[in-house]
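I opened this model to look up its pockets, its aromatic rings and one polar contact. My notes follow in the order I made them.

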Amino acid sequence: MARARKSTGSALATGAEAQVLAARLMSMHAEAGLTIAMRMPLLMKGAFGDSRGQREATKAVTEKVSAVLESSYAATLATTTFWWGLALNPFGQLDLAKAAVKAADSTLEPFARRTRANAARLSGSRR
């Protein structure tokens, strides 16, 4: 009986973590839309020779590349940690859902952080 409660608690905790992750993803989508809407006029000016628009285009490309690299590293680290944990403790309790949420969260974080910063910078507000 105690074992069923423990797994239910774990399932509830994992469900809550998944909901937090989904909320962060929705927030990131909204901030990304805001960033795109505010960046487009700058990028258009940059296409016609405006130096601020060209700097913004360079910044956009650079941050995408660095976010992909950082995200790839985080995903690799989370996956490696999961597999090492499984290899070193094969008969222990393995919470695959929790490991998946952790991997997704660590993979998403570099993009979410940059998206928040860009939305705040381009809108003129500092959170």
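Entry 1, aromatic rings. The model is a predicted one, and I began with the rings. I got a count of one aromatic pair. The partners are Phe82 and Trp83, in an edge-to-face arrangement with 5.0 Å centre to centre and 70° between the planes. I noted both values because a pair of aromatic rings is described by the distance of the centres and the angle of the planes.

Entry 2, Phe82. I asked whether Phe82 is buried or exposed. Its relative accessible area is 17%, and the limit for buried is under 20%, so Phe82 counts as buried. I also found Phe82 among the buried residues of α2, a list that includes Gly53, Glu56, Ala60 and Glu63. Ala67, Ser71, Ala74 and Ala78 are on that list too.

Entry 3, helix α2. I checked the length of α2, which runs over residues 51-88. Its 38 residues at 1.5 Å a residue should span 56 Å, and I read 55 Å between the end C-alpha atoms, so the two agree.

Entry 4, largest pocket. I turned to empty space next. The largest pocket holds about 330 Å³. Which elements give two or more residues to its lining? They are α2 and α3, the latter covering residues 96-123. The largest share, seven residues, comes from α2. I counted 16 lining residues, and those nearest the centre are Thr81, Phe82, Leu94, Ala99 and Lys102. Phe82 of the aromatic pair is thus also a residue of this lining. By type, the lining has seven nonpolar, six polar and three charged residues.

Entry 5, second largest pocket. I put its space at about 190 Å³. Here α1 (2-47), α2 and α3 each give two or more residues to the lining. Among the lining residues I wrote down Ala32, Thr35, Ile36 and Arg39, then Glu63, Lys64 and Ala67, then Phe111, Arg114 and Asn118. The lining divides into four nonpolar, three polar and four charged residues.

Entry 6, Asn118. I followed up one residue of the second lining. Asn118 sits in helix α3. With a relative accessible area of 5%, against a limit of under 20%, Asn118 is buried. What does the side chain of Asn118 make a polar contact with? The partner is the side chain of Glu63, at 2.5 Å. Glu63 is one of the buried residues of α2, and both Glu63 and Asn118 line the second largest pocket.

Note on methods: Residues numbered from 1 in each chain as written. Predicted model: local features only at pLDDT ≥ 70, side-chain atom pairs only at ≥ 80, totals over all residues. Heavy atoms only, no water. Helix = DSSP H or I, 4+ residues; strand = E, 2+ residues; numbered from the N terminus. Expected span 1.5 Å × (residues − 1). Buried < 20%, exposed > 50% of the residue type's maximum accessible area, 1.4 Å probe, protein only. 1 Å grid on protein atoms, 1.4 Å probe; cavity = no way out; pocket = protein on both sides within 12 Å on 5 of 7 lines; lining within 4 Å. Points joined across faces, edges and corners; volume = space filled by probe spheres on them. Nonpolar A, V, L, I, M, F, W, Y, C, P; charged D, E, K, R; others polar. Phe/Tyr/Trp six-rings, centres within 6.5 Å; stacked < 30°, edge-to-face > 60°. Polar contact = N/O pair within 3.5 Å; in protein donor to acceptor, adjacent residues only side chain to side chain.
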